[in-house]
Amino acid sequence: MDPLTVKTRPVKDYFMNWDELASRPYDKKRVDPYTKVRMILMNGTEFESTWFLHQFARHTDNMELKRMLAIVRSQEQQQQKRISSLKPLDENILETTISYEQLAIDLTAILARRETDENNIKALNFALLEDFDHLYRFANLLKTDYDIDADMLVGRFTEITPARPTIAEHRFAADNVKPAMNMRSASPFSTLVGAIITAAEQQTMNYYMNVGAFYPNEHGRRLYAEIAMVEEEHVTQYESLQDPTPTWLESWVLHEYAEAYLYYSVSRDEPDPYIRKIYEEHFEMEAAHLKVACDCMMKYENKAPEAVLKERDFPELLKFGSNKDFIRDVLERTVELTAEQDGYVDVKHLDEKSDFYKYQAVVNLKPDMVASHNVINRTIEKFGSDYRYEDSPNPVKALRPRSKDNTSLGRVN
Ligand SMILES: [Fe+2]
Ligand SMILES: [Fe+2]
Ligand SMILES: [Fe+2]
Ligand SMILES: [Fe+2]
């Protein structure tokens with residue numbers, strides 16, 4: 001599929017009315033877990049596009065271009081409203097959070113499995129284990145505060161068990177910055193991976209930033225604050241992978257192309273006909289946006305689409321599904337890794353004077369002030385053991401005990 005060959009109307013003909021923006025919410029008891037996950041992904045993609053187009057507008061004095069950016073941006077906003085209204089009223093902040101972490105886990109695993117760039121694979125596998133641990137911590141909060149089992153929310157497609165303990169994920173920020181890929185030599189899929197995963201993690205970061213303080217008790221508020229800091233690390237890592245050299249116009253073309261690729265993918269992956277139709281309509285809009293972006297790039301920089309799109313045809317489409325064995329394998333092999341400068345090292349090999357240990361000593365003064373640890377203790381106090389959903393015991397022996405949370409793995413030399 002080459003999105004530039006899709007028949008479209010002029011961009012100005014795609015505005016929607018208020019009824020169209022107020023979607024019919026899904027039924028939380030019957031919805032496919034990956035339907036929720038796809039929605040969150042597209043919500044995050046629209047946020048990235050909107051925010052990118054605002055930043056672009058703030059960095060150009062070309063009035064004609066600014067007006068075109070305003071038009072396209074208002075459509076990205078309409079698309080975002082239409083998607084976010086699919087969430088039903090009776091799904092609470094924490095239930096939605098479970099789907100955010102399921103997205104982070106399965107999307108990351110799917111991209112890592114298909115990616116060929118070694119630097120990107122390492123980054124994906126590294127953050128994968130952290131979001132996997134977040135799912136476990138939030139699932140325990142859900143069990144303790146609402147007596148809801150998160151395994152039903154994730155459809156048992158994703159296991160819920162500890163990974164690199166969240167307490168060990170707090171790193172000195174500079175260590176999260178990794179070398180960037182070069183778009184000219186990277187595969188088109190790698191370029192898409194950078195764009196997609198950055199937008200998804202950024203959506204999670206924003207969601208926790210905004211909803212954390214609305215959680216009804218102090219334990220939860222602190223857990224959101226703590227995990228939000230890790231999502232900030234993830235965004236730092238992923239945005240650093242992206243090629244920083246494209247011009248604003250080139251980057252606009254790349255954004256519209258990524259949106260088109262994702263809508264085309266999710267429209268083919270989505271079983272709910274009502275939601276699928278929304279995705280199909282948005283795909284056509286994105287094809288129209290892409291043409292406008294390419295026209296502007298030609299007009300103002302005299303560059304053809306090929307300047308940034310090495311191949312116009314979409315690579316293999318994104319398809320959601322379970323990745324349990326893959327995740328177990330990564331967990332078993334790399335649970336004790338931490339980030340250090342350009343790469344990743346086993347904490348056991350870190351110098352005692354490393355920034356990691358210094359930062360850890362500042363933020364985690366003592367484990368009982370760390371919400372991601374306390375959340376497990378609260379579940380153990382209430383139910384006698386933590387909450388998990390495992391097909392078989394955790395592949396890491398140190399993470400198997402159910403009545404004592406491990407606060408030293410990946411953290412203490
Ligand atoms: Fe969009
Ligand atoms: Fe996470
Ligand atoms: Fe994350
Ligand atoms: Fe767009």
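Student: Where does Asn-323 lie?

Tutor: This is a predicted model, and in it Asn-323 is found in the loop between helix 10 and helix 11 (324-334).

Student: Is Asn-323 buried or exposed, and how does one decide?

Tutor: One counts the C-beta atoms around a residue; 20 or more others within 10 Å make it buried. Asn-323 has 22 C-beta neighbours inside 10 Å, and therefore counts as buried.

Student: Which residues is Asn-323 in contact with, leaving aside its neighbours within four places in sequence?

Tutor: Asn-323 is in contact with Asp-106, Ala-109 and Ile-110. For Ile-110, the C-alpha atoms of the pair are 7.4 Å apart in space, while 213 residues separate the two in sequence.

Student: How should I read the protein as a whole, and what does its secondary structure come to?

Tutor: The secondary structure comes to 13 helices and two strands. The C-alpha atoms fill a box of roughly 60 × 45 × 35 Å along the principal axes. A compact globule of 413 residues would have a radius of gyration near 22 Å, and the protein, with 21 Å, agrees with that expectation. Buried residues account for 48% of the 413 residues. If one takes the contacts between residues at least 6 apart in sequence, 81% of them join residues at least 24 apart.

Student: Which residues have the most contacts inside the largest nonpolar core?

Tutor: They are Leu-128, Ala-139, Ile-196, Val-253 and Leu-262, in a core of 101 residues. Helix 5 gives the largest share of this core, 13 residues. Ala-139 can serve as an example: beyond its neighbours within four places in sequence, Ala-139 is in contact with Ile-98, Ala-150, Ile-160 and Tyr-387.

Student: What span should helix 5 have, and what span does it reach?

Tutor: The reasoning starts from a rise of 1.5 Å a residue: the 29 residues of helix 5 (residues 118-146) should span 42 Å, and the end C-alpha atoms are 42 Å apart, so the two agree. Helix 5 is also mostly covered, with 23 of its 29 residues buried.

Student: How do the spans of helix 3 and helix 10 compare with what is expected?

Tutor: For helix 3 (residues 63-84), the 22 residues should span 32 Å, and the end C-alpha atoms lie 31 Å apart, which agrees. Helix 10 (residues 273-301) reaches 41 Å from its first C-alpha to its last, close to the expected 42 Å.

Student: Which residues of helix 3 are buried, and what covers them?

Tutor: It helps to recall that an α-helix has 3.6 residues a turn, so residues three or four places apart point the same way. In helix 3, the buried residues are Leu-69, Val-72, Gln-75, Glu-76, Gln-78, Gln-79, Arg-82 and Ile-83. Their cover includes helix 1 (18-21), helix 2 (33-57) and helix 10.

Student: Which way do the residues of strand 1 point?

Tutor: In a regular strand the side chains alternate between the two faces of the sheet. In strand 1 (residues 337-340), Leu-337 and Ala-339 point one way, Thr-338 and Glu-340 point the other way, and all are buried.

Student: How many bridges join strand 1 to strand 2?

Tutor: Four bridges join strand 1 to strand 2 (residues 343-346), and the two run antiparallel. Within this pairing, Leu-337 stands opposite Asp-346. The hairpin has two residues between the strands, and Gln-341 has a positive phi near 50 degrees there.

Student: Where else is a positive phi found?

Tutor: Most residues other than glycine have a negative phi. Asn-302, which follows helix 10, has a positive phi near 55 degrees. Asp-147, just after helix 5, is another residue other than glycine with a positive phi, near 50 degrees. Arg-156, also not a glycine, has a positive phi of about 60 degrees.

Student: Where are Asp-147 and Arg-156 placed, and are they buried or exposed?

Tutor: Asp-147 belongs to the loop between helix 5 and helix 6 (150-153); it counts as exposed because it has 9 C-beta neighbours inside 10 Å. Arg-156 belongs to the loop between helix 6 and helix 7 (188-211); with 15 C-beta neighbours inside 10 Å, Arg-156 counts as partly exposed.

Terms used
Residues are numbered from 1 along each chain as its sequence is written. Chains are lettered from A and ligands numbered from 1 in the order in which they are written. This is a predicted model: local features need pLDDT of at least 70, side-chain atom pairs count only at pLDDT 80 or more; totals for chains, interfaces and linings use all residues. The expected span of a helix is 1.5 Å times one less than its number of residues. A residue is buried if 20 or more other C-beta atoms lie within 10 Å of its own, exposed if 12 or fewer, and partly exposed in between; C-beta atoms are placed from the backbone. Two strands pair if DSSP finds at least two bridges between them. The radius of gyration is taken over C-alpha atoms; the globule rule is 2.2 Å times the number of residues to the power 0.38. Two residues are in contact if their C-beta atoms, placed from the backbone, lie within 7 Å. A nonpolar core is a set of buried Ala, Val, Leu, Ile, Met, Phe, Trp, Tyr and Cys residues joined through C-beta atoms within 7 Å.
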